[in-house]
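Hi everyone, thanks for coming. Please have a look at the sequence and the structure on the screen, and then I'll walk you through a few details.

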Amino acid sequence: MSVISTRKDGDVLVVTSKNPPVNALGQAVRAGLADAIAQAAADDTIKAIVITCEGRTFFAGADITEFGKPPVGPSLPEVIDAIEASAKPVVAAIHGTALGGGLEVALGCHYRIAAASAKLGLPEVKLGLLPGAGGTQRLPRVVGVEAALPMVVKGDPIPAATAERIGLVDKLVADDQLTESGVAFARSVIGASSHPVSSARTDKIDTSLGDAFFDEFRKTELRRLKGFEAPEACIQAVRAAIDLPFADGIKRERELFGQLMTGTQSAALRHVFFAERAASKIDGIPADTPVLPIAKVGILGAGTMGGGIAMNFLTAGIPVTILEREQAALDRGVAIIRKNYERSAARGKFTTDQVAQCMDRLTPTLEMTDLADCDLVIEAVFEHMEVKKEVFTKLDAIVKPGAILASNTSYLNVDEMAAVTKRPEYVLGLHFFSPANVMRLLEIVKAAKTAPAVLKTAMALSKKIGKVAVVSGVCHGFIGNRMLSPRQQAANAMLMQGIAPWAVDDALTDFGMPMGPFQMADLAGLDLGWDKANSKGETIRDVLCERDRRGQKTGKGFYDYDENRRRTPSKEVEEIIAAFAAKSGGAAQSFTSEEIRDRLLFPMVNEGAKILDEGMAQRASDIDTVWINGYGWPAYTGGPMFWADTIGLDTVVAGLKAFGHEVSPYLADKAAKGERFNG
Ligand code: 3H9
């Protein structure tokens, strides 16, 4: 059956798309839509047309899988032009998410009605693109430049009610009466003397908006989007809607779209899109594996980590029992959770009612037996194997059979924890990243005996709490922290070669990371794990701590800090490092920023290759997903493995050799064959 079907409802032609899962506007859909419009034009008994979609959503955009392949007509702009040129009024009946090309189709229609629960948006910018089927020109003409600009540049969808308020939607209708309402609406406009044509409208374009308006927008909005190319192109395209007639504006849009589409950033961001979705698929799990019900969660430890983890479930509507050993720590933990919610409420993220509901779902306790009826218990206690084993032994005895026991460990061996229980198949790692209520990444650590249903349940749960989850095998530091370690070693080695910490950090921030290893160390505190009593000035870190340069908290560490925590290079640190470098005997080196970057990042890629070779990550794109969502790796480079693919694996291998590293055989082999990590 064709993906586009038509049926007559009296004098209205109902055109329905059925292209699961999201009605992407692939070639067959585009051709079907064009045919339907032609069919309506040729049939005198048809007076109006309704375009609607079956399944969970209206068209969610162009088919991204077609990008980069030779185009097959009709193109989306051609189809939309044909819809707009129809002499018979066309009504878009929208439900789910009308996104990207989907919203552009709707903008080509003369009228738009939407189910009250629908969302509408132009998210192309998140794929490193701009709306390339007339969206940057039609949207400002329909809703005005001020409303259109953030939609195009930021890409966040708006609810149907907002869309109605700004004039994007003509009427809101009940969710379960969309098609009937569409037909009724279409019938109501038959016989009107004219129908609104988005491209011909001028009433909403405020020609007085000039440089000052756009510059102000850049100043407030683009800082967050530093390094991304598409937002600026989006601004220029929307600006063309003021400066140019429609046909010329479309040319400008096409030109900018073409530049972005062929650039490396969009390729990287499209990779990121598919990588996140691929990450949720767990290899080797039969399709009929059940998802276990998780109606109540227990958390051990009400510290920063435990509290943050708890908030994820509370926000998602799942009751949490949180356990501490002492009342004071428990009270402190609960108070921090409340404060975090209240702070979010002050920023408009929650209503006061929602905060109250979340807090009502929280049961603080000092008794481990209160965790007995939980379906999942996550421990966030001290990171020490003996402590973890003790906790798992106790939990195993107390918590009901069939419940999942999880560790939030960041490094330790989950198999060892599972081994002390009688239910190793129900044990796994759930490694949240700090702050756990904010960071999107969750590493799901699959232990040797973890049951498929337990893994599948963890994956389903991660989606429910809004995390991007990646499955990792059991190895020291799992995927993320394991790769952090060679980077840290490379950074430390460079200090001994006379490279300043700021040169190392700047190489990474220039690349797009939020901070470098020495900034990170200063933030975390240099005295973490430092033993004051036994410190003998053997490492740079020892000496810094001995001089009370313990990081941001003491106002100085690798850097000097002012009262606003702004860092400046320190002469004292420079001298300390120079003394160490001289002692180590090697001649002081000087590297370009690019070489510093490569010396830091190539060993990470090498470690990523080992992780793949050992089967600790299911696919290269999972590693990219970890680093983008857990460590601030710039998404516009696609993650460490995609970045390596972009610059060429042979380049990485040559660099590693030159820097004196042993190259992973897996990487060497791929490079020799001219292959990529990501397909
Ligand atoms: C565009 O429109 C350009 C135009 O301006 C110009 C053209 C000339 N194409 O996310 P989910 C797949 S650019 C192909 O898990 P959810 C997805 O990979 C486009 N495939 O579901 C997944 O596949 P699988 C602008 C797509 O319910 C499956 O559908 N539009 C597309 O959590 C389910 O997806 C966008 O950027 C697509 N466009 O969320 C919207 N979209 O099952 C992108 C999805 O094999 N899409 N798939 O892993 C989304 O934001 C979400 O998918 C959506 C549903 C909110 C719709």
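**Around the ligand**

Let's start with glutamate 124: one of its polar side-chain atoms sits 2.5 Å from an oxygen atom of the ligand. I should say that this is a predicted model, where local features need pLDDT of at least 70, side-chain atom pairs count only at pLDDT 80 or more, and totals for chains, interfaces and linings use all residues. Residues are numbered from 1 along each chain as its sequence is written, and side-chain values use heavy atoms, with hydrogens and water left out.

Lysine 281 also has a polar side-chain atom by a ligand oxygen, at 2.6 Å. With glycine 101, a polar backbone atom is what lies 2.8 Å from an oxygen of the ligand. How much of the ligand does the protein bury? Alone, the ligand exposes 1000 Å², and the protein buries 76% of that (areas by the Shrake-Rupley method with a 1.4 Å probe).

Now the wider shell, meaning residues with a heavy atom within 4 Å of the ligand. There are 27 residues around the ligand, and Arg56, Glu104, Glu124, Arg277 and Lys281 come nearest. Which element gives the largest share of the shell? That is α11, with three residues. Helices here are DSSP runs of H or I with at least four residues, numbered from the N terminus.

Finally, please find helix α18, residues 480–496. From first C-alpha to last, α18 reaches 25 Å. Just after α18, glycine 498 takes a positive phi of about 85 degrees.

Technical notes:
Helix = DSSP H or I, 4+ residues; strand = E, 2+ residues; numbered from the N terminus. Expected span 1.5 Å × (residues − 1). Polar contact = N/O pair within 3.5 Å; in protein donor to acceptor, adjacent residues only side chain to side chain.
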